[in-house]
Amino acid sequence: MKRTRRSVLLAGAIAAAVAVSGCAAGGSSSKKAAPSLTAGSAADIKGDVTVWSWDTAATALKRLAPEFEKQHPGTKINVVDIGYDNAYDKITVGLKSGKGLPDVTTVEGPRFQSFLGSFPNGFYDLSTLAGKYKDQFNQAAWKTATDEKGRTLGLPWDSGPVGVFYRRDLFQKAGVDPNSINTWDDYVKAGEQVKAKTGTKFISLDPAEDNTFSMMLQQQGQGLFKDGKVAVNTPQAVKAMTVLKQLSDKGLVDWARGWDANVSSTKTGKSATTPQAVWWGGTLTGEMKEMSGKWGVFPLPAFEQGGVRTSNNGGSLLTVTSQTKNPKTAWAFTEFMLANTANQVSMLKNEGLFPAFLPALKDPFIARPDPYYGGQAVNKVFADLSSSVPPIEYTKDGAKARELVWTAFAGVALRGKDPKATLDSTAKQIAAATGRQTAG
(Lines give C-alpha, C1' and ligand atoms only; values in the text may rest on other atoms or scores of the structure.)
Protein backbone atom coordinates (compact mmCIF):
# COMPACT_ATOMS: atom_id res chain seq x y z
CA MET A 1 0.00 0.00 0.00
CA LYS A 2 1.15 3.52 -0.68
CA ARG A 3 2.81 4.76 2.48
CA THR A 4 1.67 7.80 4.41
CA ARG A 5 3.23 9.51 7.36
CA ARG A 6 0.84 7.71 9.70
CA SER A 7 1.44 4.28 8.22
CA VAL A 8 5.23 4.53 8.50
CA LEU A 9 5.14 5.83 12.07
CA LEU A 10 2.70 3.21 13.26
CA ALA A 11 3.79 0.18 11.27
CA GLY A 12 6.16 -1.27 13.85
CA ALA A 13 3.89 -0.67 16.82
CA ILE A 14 0.84 -2.11 15.09
CA ALA A 15 2.69 -5.18 13.86
CA ALA A 16 3.77 -5.89 17.41
CA ALA A 17 0.25 -5.37 18.71
CA VAL A 18 -1.16 -7.76 16.12
CA ALA A 19 1.35 -10.43 17.01
CA VAL A 20 0.74 -10.09 20.74
CA SER A 21 -3.04 -10.00 20.38
CA GLY A 22 -3.03 -12.97 18.03
CA CYS A 23 -0.84 -15.11 20.23
CA ALA A 24 -2.94 -14.25 23.23
CA ALA A 25 -6.05 -15.46 21.41
CA GLY A 26 -4.80 -19.02 20.98
CA GLY A 27 -7.71 -21.36 21.62
CA SER A 28 -9.64 -23.14 18.96
CA SER A 29 -8.78 -20.66 16.21
CA SER A 30 -5.29 -22.12 16.01
CA LYS A 31 -6.61 -25.69 15.51
CA LYS A 32 -8.93 -25.19 12.55
CA ALA A 33 -8.01 -24.99 8.90
CA ALA A 34 -9.06 -22.10 6.69
CA PRO A 35 -12.34 -22.71 4.85
CA SER A 36 -11.90 -23.28 1.12
CA LEU A 37 -13.61 -21.33 -1.63
CA THR A 38 -14.29 -22.87 -5.04
CA ALA A 39 -15.59 -21.47 -8.29
CA GLY A 40 -19.24 -20.54 -8.70
CA SER A 41 -21.47 -19.46 -11.55
CA ALA A 42 -22.41 -15.97 -12.63
CA ALA A 43 -25.67 -16.46 -10.78
CA ASP A 44 -23.72 -16.71 -7.50
CA ILE A 45 -22.44 -13.15 -7.86
CA LYS A 46 -25.17 -11.18 -6.15
CA GLY A 47 -26.00 -9.36 -2.93
CA ASP A 48 -24.05 -6.97 -0.70
CA VAL A 49 -20.35 -7.04 0.11
CA THR A 50 -18.66 -4.83 2.71
CA VAL A 51 -14.98 -3.99 2.29
CA TRP A 52 -12.67 -2.48 4.91
CA SER A 53 -9.74 -0.35 3.81
CA TRP A 54 -8.15 3.04 4.47
CA ASP A 55 -6.60 6.15 2.93
CA THR A 56 -5.90 6.06 -0.82
CA ALA A 57 -6.75 2.37 -1.05
CA ALA A 58 -10.27 3.06 0.19
CA THR A 59 -10.52 5.89 -2.32
CA ALA A 60 -9.62 3.51 -5.14
CA LEU A 61 -12.13 0.91 -4.02
CA LYS A 62 -14.93 3.46 -3.80
CA ARG A 63 -14.09 4.86 -7.22
CA LEU A 64 -14.10 1.50 -9.01
CA ALA A 65 -16.90 -0.29 -7.12
CA PRO A 66 -19.72 1.18 -9.27
CA GLU A 67 -18.24 -0.44 -12.38
CA PHE A 68 -18.35 -3.85 -10.66
CA GLU A 69 -21.97 -3.23 -9.69
CA LYS A 70 -22.74 -2.27 -13.28
CA GLN A 71 -21.19 -5.50 -14.56
CA HIS A 72 -23.03 -7.54 -11.94
CA PRO A 73 -26.59 -6.24 -11.48
CA GLY A 74 -27.99 -7.01 -8.07
CA THR A 75 -24.70 -6.46 -6.25
CA LYS A 76 -23.77 -3.65 -3.88
CA ILE A 77 -20.22 -2.92 -2.70
CA ASN A 78 -19.99 -0.97 0.56
CA VAL A 79 -16.48 0.38 1.11
CA VAL A 80 -15.74 1.51 4.67
CA ASP A 81 -12.64 3.61 5.37
CA ILE A 82 -11.75 2.35 8.86
CA GLY A 83 -8.61 4.51 9.10
CA TYR A 84 -5.10 3.13 9.41
CA ASP A 85 -4.79 4.12 13.06
CA ASN A 86 -7.47 1.65 14.13
CA ALA A 87 -7.35 -0.89 11.32
CA TYR A 88 -5.36 -3.68 12.90
CA ASP A 89 -7.02 -3.35 16.28
CA LYS A 90 -10.41 -3.73 14.58
CA ILE A 91 -9.31 -6.69 12.50
CA THR A 92 -7.71 -8.40 15.49
CA VAL A 93 -10.79 -7.93 17.65
CA GLY A 94 -12.95 -9.41 14.89
CA LEU A 95 -10.68 -12.42 14.49
CA LYS A 96 -10.51 -13.07 18.23
CA SER A 97 -14.26 -12.75 18.79
CA GLY A 98 -15.27 -14.57 15.63
CA LYS A 99 -17.64 -11.80 14.62
CA GLY A 100 -17.75 -8.26 13.30
CA LEU A 101 -15.44 -8.60 10.31
CA PRO A 102 -16.47 -7.49 6.80
CA ASP A 103 -16.62 -9.71 3.74
CA VAL A 104 -13.31 -8.37 2.40
CA THR A 105 -10.53 -6.50 4.17
CA THR A 106 -7.27 -4.87 3.20
CA VAL A 107 -4.17 -6.14 5.03
CA GLU A 108 -0.55 -5.15 4.50
CA GLY A 109 1.40 -8.14 3.21
CA PRO A 110 4.02 -8.83 5.89
CA ARG A 111 1.48 -8.14 8.65
CA PHE A 112 -0.88 -10.71 7.18
CA GLN A 113 1.55 -13.38 8.36
CA SER A 114 0.92 -12.45 11.99
CA PHE A 115 -2.78 -13.08 11.44
CA LEU A 116 -2.21 -16.38 9.64
CA GLY A 117 0.01 -17.64 12.43
CA SER A 118 -2.57 -16.97 15.12
CA PHE A 119 -5.86 -17.19 13.19
CA PRO A 120 -5.34 -19.78 10.43
CA ASN A 121 -9.10 -20.12 9.93
CA GLY A 122 -9.77 -16.38 9.81
CA PHE A 123 -9.63 -16.07 6.02
CA TYR A 124 -10.82 -18.13 3.07
CA ASP A 125 -8.34 -20.41 1.36
CA LEU A 126 -8.35 -19.01 -2.18
CA SER A 127 -5.81 -21.45 -3.62
CA THR A 128 -8.19 -23.04 -6.14
CA LEU A 129 -9.44 -19.70 -7.47
CA ALA A 130 -6.29 -17.60 -7.23
CA GLY A 131 -3.82 -20.27 -8.35
CA LYS A 132 -4.26 -19.50 -12.04
CA TYR A 133 -2.93 -15.99 -11.44
CA LYS A 134 0.21 -16.90 -9.52
CA ASP A 135 2.65 -16.37 -12.39
CA GLN A 136 1.05 -13.04 -13.24
CA PHE A 137 1.92 -11.46 -9.89
CA ASN A 138 5.13 -10.18 -8.37
CA GLN A 139 6.34 -13.33 -6.61
CA ALA A 140 7.60 -11.49 -3.54
CA ALA A 141 4.12 -10.02 -3.10
CA TRP A 142 2.52 -13.41 -3.75
CA LYS A 143 4.60 -14.90 -0.95
CA THR A 144 3.02 -12.51 1.56
CA ALA A 145 -0.41 -13.92 0.62
CA THR A 146 0.51 -17.53 1.35
CA ASP A 147 0.83 -19.43 4.60
CA GLU A 148 3.58 -21.82 5.70
CA LYS A 149 1.73 -24.70 3.98
CA GLY A 150 1.72 -22.86 0.66
CA ARG A 151 -1.99 -22.07 0.63
CA THR A 152 -3.09 -18.75 -0.86
CA LEU A 153 -5.31 -16.73 1.48
CA GLY A 154 -5.28 -13.34 -0.19
CA LEU A 155 -4.60 -11.66 -3.52
CA PRO A 156 -1.74 -9.14 -3.81
CA TRP A 157 -2.70 -5.56 -4.54
CA ASP A 158 0.27 -3.19 -4.68
CA SER A 159 3.97 -3.72 -4.15
CA GLY A 160 6.99 -1.68 -3.11
CA PRO A 161 9.97 -2.41 -5.38
CA VAL A 162 13.03 -0.52 -4.14
CA GLY A 163 15.47 1.72 -6.00
CA VAL A 164 17.62 4.72 -5.09
CA PHE A 165 16.17 8.22 -5.37
CA TYR A 166 19.07 10.63 -5.89
CA ARG A 167 19.71 14.37 -6.24
CA ARG A 168 20.74 15.02 -9.83
CA ASP A 169 22.20 18.45 -9.03
CA LEU A 170 24.39 17.20 -6.19
CA PHE A 171 25.66 14.26 -8.23
CA GLN A 172 26.53 16.59 -11.11
CA LYS A 173 28.34 19.00 -8.79
CA ALA A 174 30.33 16.12 -7.32
CA GLY A 175 31.07 14.60 -10.72
CA VAL A 176 29.36 11.31 -9.88
CA ASP A 177 27.62 9.35 -12.64
CA PRO A 178 24.71 7.35 -11.14
CA ASN A 179 25.24 4.72 -13.83
CA SER A 180 28.64 3.99 -12.31
CA ILE A 181 27.05 2.81 -9.04
CA ASN A 182 26.58 -0.93 -9.51
CA THR A 183 27.50 -2.31 -6.10
CA TRP A 184 27.30 -1.21 -2.49
CA ASP A 185 31.07 -0.64 -2.57
CA ASP A 186 30.47 1.78 -5.46
CA TYR A 187 27.70 3.43 -3.45
CA VAL A 188 29.96 4.03 -0.44
CA LYS A 189 32.72 5.50 -2.68
CA ALA A 190 30.20 7.74 -4.43
CA GLY A 191 28.99 8.91 -1.02
CA GLU A 192 32.50 9.89 -0.02
CA GLN A 193 32.92 11.85 -3.25
CA VAL A 194 29.58 13.65 -2.91
CA LYS A 195 30.36 14.58 0.69
CA ALA A 196 33.86 15.81 -0.22
CA LYS A 197 32.64 17.94 -3.14
CA THR A 198 29.34 19.25 -1.77
CA GLY A 199 29.44 18.82 2.01
CA THR A 200 26.21 16.82 1.84
CA LYS A 201 25.78 13.49 3.54
CA PHE A 202 24.68 10.59 1.40
CA ILE A 203 21.81 8.83 3.17
CA SER A 204 19.27 9.40 5.94
CA LEU A 205 18.76 6.59 8.44
CA ASP A 206 16.50 6.31 11.47
CA PRO A 207 18.54 5.49 14.60
CA ALA A 208 15.61 3.70 16.25
CA GLU A 209 13.36 2.05 13.65
CA ASP A 210 15.18 1.78 10.34
CA ASN A 211 14.22 -0.89 7.80
CA THR A 212 17.17 -0.51 5.42
CA PHE A 213 18.81 -3.62 6.88
CA SER A 214 15.72 -5.71 6.13
CA MET A 215 15.57 -4.34 2.57
CA MET A 216 19.23 -5.24 2.04
CA LEU A 217 18.61 -8.70 3.45
CA GLN A 218 15.66 -9.35 1.13
CA GLN A 219 17.79 -8.13 -1.77
CA GLN A 220 19.96 -11.17 -1.06
CA GLY A 221 16.96 -13.50 -1.07
CA GLN A 222 16.50 -13.81 2.65
CA GLY A 223 14.21 -12.54 5.38
CA LEU A 224 14.63 -12.48 9.13
CA PHE A 225 13.77 -16.20 9.11
CA LYS A 226 14.93 -19.06 6.91
CA ASP A 227 13.29 -22.50 6.94
CA GLY A 228 11.56 -21.49 10.15
CA LYS A 229 14.83 -20.62 11.86
CA VAL A 230 16.13 -17.25 13.01
CA ALA A 231 18.38 -15.94 10.23
CA VAL A 232 19.55 -12.51 11.35
CA ASN A 233 23.18 -13.61 11.70
CA THR A 234 23.71 -15.39 8.39
CA PRO A 235 26.55 -14.29 6.07
CA GLN A 236 23.99 -12.27 4.09
CA ALA A 237 22.87 -10.46 7.22
CA VAL A 238 26.44 -9.68 8.24
CA LYS A 239 27.15 -8.25 4.77
CA ALA A 240 24.15 -5.94 5.04
CA MET A 241 25.00 -4.72 8.52
CA THR A 242 28.65 -4.21 7.55
CA VAL A 243 27.70 -1.87 4.71
CA LEU A 244 25.50 0.16 7.05
CA LYS A 245 28.38 0.39 9.55
CA GLN A 246 30.72 1.61 6.77
CA LEU A 247 28.29 4.37 5.85
CA SER A 248 28.11 5.45 9.48
CA ASP A 249 31.85 5.17 10.15
CA LYS A 250 32.63 7.33 7.11
CA GLY A 251 30.24 10.06 8.26
CA LEU A 252 27.89 9.62 5.34
CA VAL A 253 24.69 9.23 7.41
CA ASP A 254 22.29 11.99 8.41
CA TRP A 255 20.52 10.53 11.44
CA ALA A 256 16.82 11.34 11.21
CA ARG A 257 14.50 10.03 13.93
CA GLY A 258 11.03 9.35 12.60
CA TRP A 259 9.12 10.16 9.44
CA ASP A 260 9.11 13.96 9.75
CA ALA A 261 12.85 14.12 10.29
CA ASN A 262 13.47 11.86 7.31
CA VAL A 263 11.33 14.05 5.06
CA SER A 264 13.05 17.15 6.40
CA SER A 265 16.49 15.67 5.75
CA THR A 266 15.51 15.09 2.14
CA LYS A 267 13.78 18.41 1.64
CA THR A 268 16.57 20.53 3.12
CA GLY A 269 19.32 18.72 1.23
CA LYS A 270 21.00 17.07 4.20
CA SER A 271 21.22 13.81 2.31
CA ALA A 272 21.73 13.14 -1.40
CA THR A 273 20.09 9.72 -1.79
CA THR A 274 17.19 7.72 -0.42
CA PRO A 275 17.17 3.97 -1.06
CA GLN A 276 13.44 3.36 -0.82
CA ALA A 277 10.35 1.87 -2.40
CA VAL A 278 8.49 3.35 -5.33
CA TRP A 279 5.95 4.93 -2.99
CA TRP A 280 8.60 7.40 -1.75
CA GLY A 281 8.01 9.23 -5.00
CA GLY A 282 4.60 10.26 -3.70
CA THR A 283 6.29 12.02 -0.79
CA LEU A 284 8.66 13.85 -3.13
CA THR A 285 6.00 15.04 -5.54
CA GLY A 286 3.48 15.75 -2.79
CA GLU A 287 5.68 17.53 -0.24
CA MET A 288 8.57 18.83 -2.34
CA LYS A 289 7.03 20.24 -5.51
CA GLU A 290 9.68 22.96 -5.57
CA MET A 291 12.36 20.30 -6.19
CA SER A 292 10.96 19.26 -9.57
CA GLY A 293 13.76 18.34 -11.95
CA LYS A 294 16.30 17.75 -9.19
CA TRP A 295 15.57 14.07 -8.62
CA GLY A 296 16.32 10.86 -10.48
CA VAL A 297 16.22 7.13 -9.74
CA PHE A 298 18.67 4.29 -10.29
CA PRO A 299 18.48 0.60 -9.27
CA LEU A 300 19.55 -0.46 -5.80
CA PRO A 301 23.28 -1.30 -5.70
CA ALA A 302 24.05 -5.03 -5.70
CA PHE A 303 26.24 -6.77 -3.17
CA GLU A 304 28.24 -8.31 -6.01
CA GLN A 305 28.59 -7.46 -9.68
CA GLY A 306 25.60 -8.88 -11.52
CA GLY A 307 23.63 -9.40 -8.32
CA VAL A 308 20.00 -8.50 -7.63
CA ARG A 309 19.45 -4.74 -7.74
CA THR A 310 16.15 -4.31 -5.94
CA SER A 311 14.19 -5.32 -2.87
CA ASN A 312 10.74 -4.59 -1.49
CA ASN A 313 9.25 -2.37 1.18
CA GLY A 314 5.47 -2.25 1.53
CA GLY A 315 2.54 -3.72 -0.33
CA SER A 316 -0.92 -4.95 0.59
CA LEU A 317 -3.54 -7.61 -0.11
CA LEU A 318 -7.27 -8.06 -0.32
CA THR A 319 -8.57 -11.02 1.68
CA VAL A 320 -11.94 -12.73 1.97
CA THR A 321 -12.72 -13.22 5.64
CA SER A 322 -14.22 -16.48 6.86
CA GLN A 323 -17.04 -14.48 8.48
CA THR A 324 -18.52 -13.44 5.14
CA LYS A 325 -22.02 -14.62 4.23
CA ASN A 326 -21.34 -13.92 0.57
CA PRO A 327 -17.91 -15.42 -0.24
CA LYS A 328 -18.36 -15.89 -3.99
CA THR A 329 -19.28 -12.24 -4.56
CA ALA A 330 -16.49 -11.19 -2.19
CA TRP A 331 -13.99 -13.14 -4.30
CA ALA A 332 -15.46 -11.83 -7.55
CA PHE A 333 -14.92 -8.25 -6.38
CA THR A 334 -11.38 -9.03 -5.22
CA GLU A 335 -10.59 -10.58 -8.61
CA PHE A 336 -12.18 -7.63 -10.42
CA MET A 337 -10.03 -5.13 -8.54
CA LEU A 338 -6.67 -6.86 -8.58
CA ALA A 339 -6.40 -9.38 -11.43
CA ASN A 340 -7.36 -6.70 -13.93
CA THR A 341 -4.85 -4.65 -15.92
CA ALA A 342 -7.14 -1.69 -16.56
CA ASN A 343 -8.09 -1.33 -12.91
CA GLN A 344 -4.52 -1.71 -11.68
CA VAL A 345 -3.26 0.94 -14.12
CA SER A 346 -6.16 3.19 -13.13
CA MET A 347 -5.16 2.92 -9.47
CA LEU A 348 -1.55 3.77 -10.31
CA LYS A 349 -2.65 6.85 -12.26
CA ASN A 350 -5.19 8.09 -9.75
CA GLU A 351 -4.07 6.86 -6.32
CA GLY A 352 -0.39 6.08 -6.85
CA LEU A 353 -0.76 2.38 -5.98
CA PHE A 354 2.04 0.52 -7.76
CA PRO A 355 0.66 -2.76 -9.19
CA ALA A 356 1.74 -6.19 -8.01
CA PHE A 357 -0.10 -7.52 -11.09
CA LEU A 358 2.66 -7.83 -13.68
CA PRO A 359 0.55 -7.43 -16.86
CA ALA A 360 -0.33 -3.91 -15.67
CA LEU A 361 3.35 -3.00 -15.77
CA LYS A 362 3.37 -3.43 -19.56
CA ASP A 363 0.80 -0.68 -20.08
CA PRO A 364 2.08 2.31 -22.14
CA PHE A 365 1.42 4.60 -19.16
CA ILE A 366 4.35 2.99 -17.35
CA ALA A 367 6.85 4.26 -19.93
CA ARG A 368 5.75 7.91 -19.87
CA PRO A 369 8.51 10.42 -19.05
CA ASP A 370 7.97 12.19 -15.74
CA PRO A 371 8.82 15.93 -15.70
CA TYR A 372 9.42 15.85 -11.93
CA TYR A 373 12.36 13.51 -12.54
CA GLY A 374 13.83 15.50 -15.40
CA GLY A 375 11.93 13.49 -17.98
CA GLN A 376 13.02 10.10 -16.65
CA ALA A 377 10.38 7.35 -16.94
CA VAL A 378 10.58 6.47 -13.25
CA ASN A 379 7.63 4.07 -13.26
CA LYS A 380 9.45 2.09 -15.95
CA VAL A 381 12.54 1.83 -13.74
CA PHE A 382 10.50 0.28 -10.95
CA ALA A 383 8.44 -1.84 -13.33
CA ASP A 384 11.63 -3.37 -14.74
CA LEU A 385 12.83 -4.11 -11.21
CA SER A 386 9.54 -5.48 -9.91
CA SER A 387 9.74 -9.01 -11.30
CA SER A 388 13.20 -9.57 -9.82
CA VAL A 389 12.29 -8.80 -6.19
CA PRO A 390 13.30 -11.94 -4.27
CA PRO A 391 10.46 -13.67 -2.39
CA ILE A 392 11.28 -14.22 1.27
CA GLU A 393 9.91 -16.18 4.20
CA TYR A 394 7.56 -14.57 6.71
CA THR A 395 6.46 -15.86 10.09
CA LYS A 396 4.15 -14.74 12.86
CA ASP A 397 7.26 -13.75 14.86
CA GLY A 398 8.37 -11.07 12.44
CA ALA A 399 7.42 -8.18 14.72
CA LYS A 400 9.47 -9.51 17.63
CA ALA A 401 12.48 -10.09 15.41
CA ARG A 402 12.22 -6.67 13.78
CA GLU A 403 12.34 -4.83 17.12
CA LEU A 404 15.46 -6.67 18.24
CA VAL A 405 17.11 -6.06 14.86
CA TRP A 406 16.44 -2.34 15.24
CA THR A 407 18.31 -2.43 18.55
CA ALA A 408 21.17 -4.32 16.94
CA PHE A 409 21.41 -1.78 14.14
CA ALA A 410 21.66 1.10 16.61
CA GLY A 411 24.42 -0.70 18.47
CA VAL A 412 26.46 -1.28 15.33
CA ALA A 413 25.90 2.01 13.52
CA LEU A 414 25.85 4.40 16.48
CA ARG A 415 28.07 2.70 19.03
CA GLY A 416 30.56 0.95 16.79
CA LYS A 417 29.74 -2.62 17.81
CA ASP A 418 30.99 -5.50 15.67
CA PRO A 419 28.30 -6.57 13.13
CA LYS A 420 28.88 -10.34 13.41
CA ALA A 421 29.05 -10.46 17.20
CA THR A 422 26.03 -8.19 17.56
CA LEU A 423 23.92 -10.19 15.13
CA ASP A 424 24.94 -13.46 16.80
CA SER A 425 23.69 -12.07 20.09
CA THR A 426 20.51 -10.78 18.47
CA ALA A 427 19.79 -14.17 16.90
CA LYS A 428 20.03 -15.82 20.31
CA GLN A 429 17.65 -13.24 21.78
CA ILE A 430 15.10 -13.80 19.03
CA ALA A 431 15.42 -17.57 19.36
CA ALA A 432 14.82 -17.32 23.10
CA ALA A 433 11.79 -15.06 22.59
CA THR A 434 10.20 -17.25 19.90
CA GLY A 435 11.27 -20.77 20.75
CA ARG A 436 12.95 -21.13 17.35
CA GLN A 437 16.39 -22.38 16.40
CA THR A 438 18.99 -20.17 14.73
CA ALA A 439 20.09 -20.64 11.12
CA GLY A 440 23.36 -18.73 11.25
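The exercises below work through ring pairs, charges over rings, helices and single residues in a predicted model.

**Exercise 1. Classify the ring pair of Phe-165 and Tyr-373, and place both residues in the chain.**

Step 1. Take the geometry. The ring centres of Phe-165 and Tyr-373 are 6.4 Å apart, with 45° between the planes.

Step 2. Apply the cut-offs. Rings pair if their centres lie within 6.5 Å, and planes under 30 degrees apart count as stacked, over 60 as edge-to-face and the rest as tilted. The pair of Phe-165 and Tyr-373 is therefore tilted.

Step 3. Locate the partners. Phe-165 sits in strand S4 (residues 155-167). Tyr-373 sits in the loop between helix H14 (341-351) and helix H15 (378-386). They are 208 residues apart, so the pair links distant parts of the chain.

Step 4. Check burial. Phe-165 has a relative accessible area of 0% and is buried. Tyr-373, at 3%, is buried too.

Step 5. Put the pair in context. The structure holds 24 aromatic pairs.

**Exercise 2. Classify the pair of Phe-165 and Phe-382, and state where Phe-382 lies.**

Step 1. The ring centres are 5.7 Å apart and the planes meet at 35°, so Phe-165 and Phe-382 form a tilted pair.

Step 2. Phe-165 is in strand S4 and Phe-382 in helix H15. With 217 residues from one to the other, this pair links distant parts of the chain.

Step 3. Phe-382 is buried, at a relative accessible area of 0%.

**Exercise 3. Which residues form a cluster linked by ring pairs?**

Solution. Follow the ring pairs from residue to residue. The cluster consists of Tyr-166, Phe-171, Trp-184, Tyr-187, Phe-202, Phe-298 and Phe-303.

**Exercise 4. Find the ring faces covered by Lys-90 and Arg-436, then describe the surroundings of Lys-90.**

Step 1. Lys-90 lies over the face of Trp-52, 5.1 Å from the ring centre.

Step 2. Arg-436 lies over the face of Phe-225, also 5.1 Å from the ring centre.

Step 3. Lys-90 belongs to helix H3 (residues 84-97). Its relative accessibility is 37%, so Lys-90 counts as partly exposed.

Step 4. Set aside neighbours within four places in sequence. Lys-90 then contacts Trp-52, Ile-82 and Leu-101.

Step 5. Take Leu-101 from that set. It is 11 residues from Lys-90 along the chain, and the two C-alpha atoms are separated by 8.2 Å.

**Exercise 5. Describe how helix H13 packs on H14.**

Step 1. Helix H13 (residues 327-338) crosses H14 at an angle of about 65°, with the axes 6 Å apart.

Step 2. H13 contributes Phe-336, Met-337 and Leu-338 to the contact. H14 contributes Asn-343, Gln-344 and Met-347.

Step 3. Sort them by class. The contact has four nonpolar, two polar and no charged residues.

**Exercise 6. Compare the span of helices H10 and H16 with the expected values, and list what is buried in each.**

Step 1. Helix H10 (residues 235-249) has 15 residues. Its span from first to last C-alpha is 21 Å, close to the 21 Å expected at 1.5 Å a residue.

Step 2. H16 has 18 residues. It reaches 25 Å, close to the expected 26 Å.

Step 3. The buried residues of H10 are Ala-237, Val-238, Ala-240, Met-241, Val-243, Leu-244, Lys-245, Leu-247 and Ser-248. They pack against several elements, including helix H8 (184-198), strand S5 (201-205) and helix H16 (398-415).

Step 4. Among the buried residues of H16 are Arg-402, Trp-406, Phe-409 and Gly-411.

Step 5. Look past the ends. H10 is followed by Gly-251, with a positive phi near 70°. Gly-416, just after H16, takes a positive phi of about 70°.

**Exercise 7. Is Thr-242 of H10 buried or partly exposed?**

Step 1. Its relative accessible area is 30%, so Thr-242 is partly exposed.

Step 2. Asp-418 is 176 residues away along the chain, yet its C-alpha is 8.5 Å from that of Thr-242.

**Exercise 8. Characterise Val-162 in strand S4.**

Step 1. Val-162 has 0% relative accessibility and therefore counts as buried.

Step 2. Beyond four places in sequence, Val-162 touches residues including Met-215, Leu-300, Arg-309, Phe-382 and Leu-385.

Step 3. Thr-274 is 112 residues from Val-162 in sequence and 9.9 Å in space, C-alpha to C-alpha.

Note on methods:
Residues numbered from 1 in each chain as written. Predicted model: local features only at pLDDT ≥ 70, side-chain atom pairs only at ≥ 80, totals over all residues. Heavy atoms only, no water. Phe/Tyr/Trp six-rings, centres within 6.5 Å; stacked < 30°, edge-to-face > 60°. Helix = DSSP H or I, 4+ residues; strand = E, 2+ residues; numbered from the N terminus. Buried < 20%, exposed > 50% of the residue type's maximum accessible area, 1.4 Å probe, protein only. Lys NZ or Arg CZ within 6 Å of the ring centre and 35° of its normal. Axes fitted to C-alpha atoms, helices over the stretch in contact; angles between N-to-C directions. Contact = heavy atoms within 4.5 Å. Nonpolar A, V, L, I, M, F, W, Y, C, P; charged D, E, K, R; others polar. Expected span 1.5 Å × (residues − 1).
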